[in-house]
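Me: Could you walk me through reading a few features of a protein model? I'm new to this one.

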Amino acid sequence: SKREDVRSRKDKLSYMDPSGGGRDLKTVEDDLSKNTEKKDQLVKDISRKNSELSNLNNRISKSSKAASDADMRFRDVEGKYKKDQESSSRKQSLQETIEKCAREEKRLVDQIAPLRQQIKSKEANRNRMRSAAKADEDRMRKNMDSLISDLRSLKSVSQRISGYFRNRSDEELERVIADLTKIDGDICSSKENLTEMEPRIETLKSQLNEQSRHKKCIEANIKLYDSLENIKRLSEEHSEMQHGVQEISGYETAKGSYKIAEAEKRQKEDQKARSEGRKSGLKDQQRQLKRKLQQEEYKDVDEEHRESMIKFETTTIAISDLEIYYSALDKALLQFHGMKIGDINKIIRELWTLTYKGEDISNIELVSDQGTSKASRSYNYRVVMSKGNTQMDMRGRCSAGQRVLASLVIRLALAETFCISCGVFALDEPTTNLDYENKRGLAIALAQILATRSAQHNFQLLIITHDEDFVTMMKNELATQSGKFPMPDKYFQVSREEGQDGCFYSKINAIDWDE
């Protein structure tokens with residue numbers, strides 16, 4: 001156990017003494033900073049390589065996806081283009097049918113007007129001929145009635161002639177002869193009338209013959225009306241076809257998309273060709289590399305690769321260990337920093353309460369803000385003053401005397417915290433801009449520091465001042481602490497005097513405290 005104790009003390013002394021072969025904290029921090037920089041550089045290289053690899057993989061996946069998407073879009077556009085072609089051909093045939101029906105409709109419409117005029121004229125002629133035929137029929141009926149009456153008269157005359165022959169009466173014969181003469185005249189007139197009526201009868205016969213032609217015209221008109229109905233039906237179908245043509249939308253857009261897809265397809269084919277060319281070049285390069293690997297200089301490349309991988313893995317493990325060490329050291333430094341800031345603020349609070357005699361500031365303290373630099377940790381310090389629960393920055397809000405006193409208090413606190421082994425404490429004109437009460441408070445604080453550090457064999461307080469009142473205050477305050485440490489015998493006064501050669505020389509006089 002004694003040997004282990006001796007060994008541990010030896011290691012501790014060698015660690016604290018750099019000349020003995022150990023490393024001090026600064027050397028360790030420098031090595032740590034260098035290793036940290038190396039680690040950061042290696043991490044950056046690894047991250048860069050990984051990012052390049054991921055970028056290449058992403059580009060490959062994006063190119064594959066783009067090619068598949070372009071192929072799918074090309075197929076979709078090709079299908080749409082085929083449908084559009086079919087729709088276009090159907091649209092063209094329908095358009096031709098519509099144009100044909102429109103021409104037929106126009107031709108039939110052009111034929112309707114004269115046919116309607118002919119129908120109206122024929123109907124007028126038919127009505128006129130019916131009226132004329134009816135009048136002729138009435139007249140012929142009258143003639144027939146007259147002929148029948150004449151026949152009856154002839155029969156009665158014949159009967160009377162027969163009776164005459166039976167009766168042999170002369171008078172009756174004369175009367176009969178007269179009647180016969182009258183009847184002959186009537187017969188002649190009837191013959192003449194009949195002769196006159198024969199052309200009319202022939203006319204009526206010709207009109208009856210024309211009735212068949214009128215029937216044919218009427219049948220043609222019926223066919224015309226049927227054609228008009230067909231035209232109406234075709235017009236409805238034409239409107240439906242136009243509606244269907246309007247529903248077949250996006251033809252031009254689909255055509256443009258098809259052209260774009262064709263261009264993308266050609267582009268992808270070009271990319272594929274270039275990729276295949278690069279692939280063949282890489283294969284040639286691979287074959288060349290394989291031939292190189294068979295050469296003598298690459299004989300032990302696997303072993304060298306294994307050793308390099310071992311070095312790489314070892315470096316990676318070392319970097320990981322350094323990260324752990326850096327994290328632990330950083331946490332320790334943070335903890336040490338927080339502890340020291342707390343100790344400094346505690347001493348500042350005590351000294352400020354002791355020295356400052358004003359009522360506007362109850363306390364001051366140091367506040368540290370961590371810097372934004374990631375390469376090295378840094379802190380930004382500022383002094384805040386407080387009154388009650390309110391804190392604000394002291395910079396720009398305090399008087400010159402408060403600023404000087406705060407500077408002295410902070411320096412005293414820093415010296416009390418970090419300069420335990422350092423025995424020299426120098427103050428140059430510490431009472432600048434201080435009023436009487438604050439000068440007295442500073443004298444009390446310095447007297448207490450002297451009483452506390454008097455046991456330190458190498459402690460020495462050096463004050464340079466032109467303020468004789470402050471020297472008197474120090475003398476009085478040191479007298480109150482005389483029981484705790486021996487009073488200094490003298491203080492030194494520096495003055496300037498003119499010599500015999502006309503030059504000025506500094507003169508130092510040792511003056512007793514009692515004078």
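Reply: Sure, let's start with Ser 63, which sits in helix α2. Keep in mind that this is a predicted model.

Me: Is Ser 63 buried, partly exposed or exposed, and what is the way to tell which?

Reply: Go by relative accessible area: under 20% counts as buried, over 50% as exposed, and what falls in between is partly exposed. Ser 63 has 43%, so it is partly exposed.

Me: How far apart are Ser 63 and Lys 268, in sequence and in space?

Reply: Along the sequence, 205 residues separate Ser 63 and Lys 268. In space, their C-alpha atoms are 9.0 Å apart.

Me: Where is the nonpolar patch on the surface, and which residues form it?

Reply: Look for Leu 42, Ile 46, Met 309 and Phe 312, which together offer about 320 Å² of accessible area. Helices α2 (25-167) and α5 (301-355) each give at least two residues to this patch. Take Met 309, in helix α5: its relative accessible area is 35%, so it counts as partly exposed.

Me: What about Asn 345, buried or exposed?

Reply: Asn 345 is also placed in helix α5, but its relative accessible area is 9%, so it is buried. Leaving aside residues up to four places away in sequence, Asn 345 touches Glu 365 and Leu 366.

Me: Which residues does Ser 386 touch?

Reply: Ser 386 belongs to strand β2 (residues 379-387) and is buried, at 13% relative accessible area. Not counting residues up to four places away in sequence, its contacts are Ile 361, Ser 362, Asn 363 and Gln 391.

Me: Now helix α8: what should its span be?

Reply: Reckon 1.5 Å a residue: the 13 residues of α8 (residues 468-480) should span 18 Å. The end C-alpha atoms of α8 are 19 Å apart, which agrees.

Me: Which residues of α8 are buried, and why do they line one face?

Reply: The general idea first: an α-helix has 3.6 residues a turn, so residues three or four places apart point the same way. In α8, the buried ones are Phe 470, Met 473, Met 474, Glu 477 and Leu 478. Viewed down the axis of α8, these buried residues fall within an arc of 130°, so they line one face of the helix.

Me: And what do the buried residues of α8 pack against?

Reply: They pack against helix α7 (436-453) and strand β5 (460-464).

How values were computed:
Residues numbered from 1 in each chain as written. Predicted model: local features only at pLDDT ≥ 70, side-chain atom pairs only at ≥ 80, totals over all residues. Heavy atoms only, no water. Patch = residues over 30% accessible without salt bridge, like charges linked within 9 Å, V, L, I, M, F, W, Y side chains within 5 Å. Areas by Shrake-Rupley, 256 points an atom, 1.4 Å probe, with all protein chains shown as cover. Salt bridge = Lys/Arg side-chain N within 4 Å of Asp/Glu carboxyl O. Helix = DSSP H or I, 4+ residues; strand = E, 2+ residues; numbered from the N terminus. Buried < 20%, exposed > 50% of the residue type's maximum accessible area, 1.4 Å probe, protein only. Contact = heavy atoms within 4.5 Å. Expected span 1.5 Å × (residues − 1). Arc of directions from axis to C-beta.
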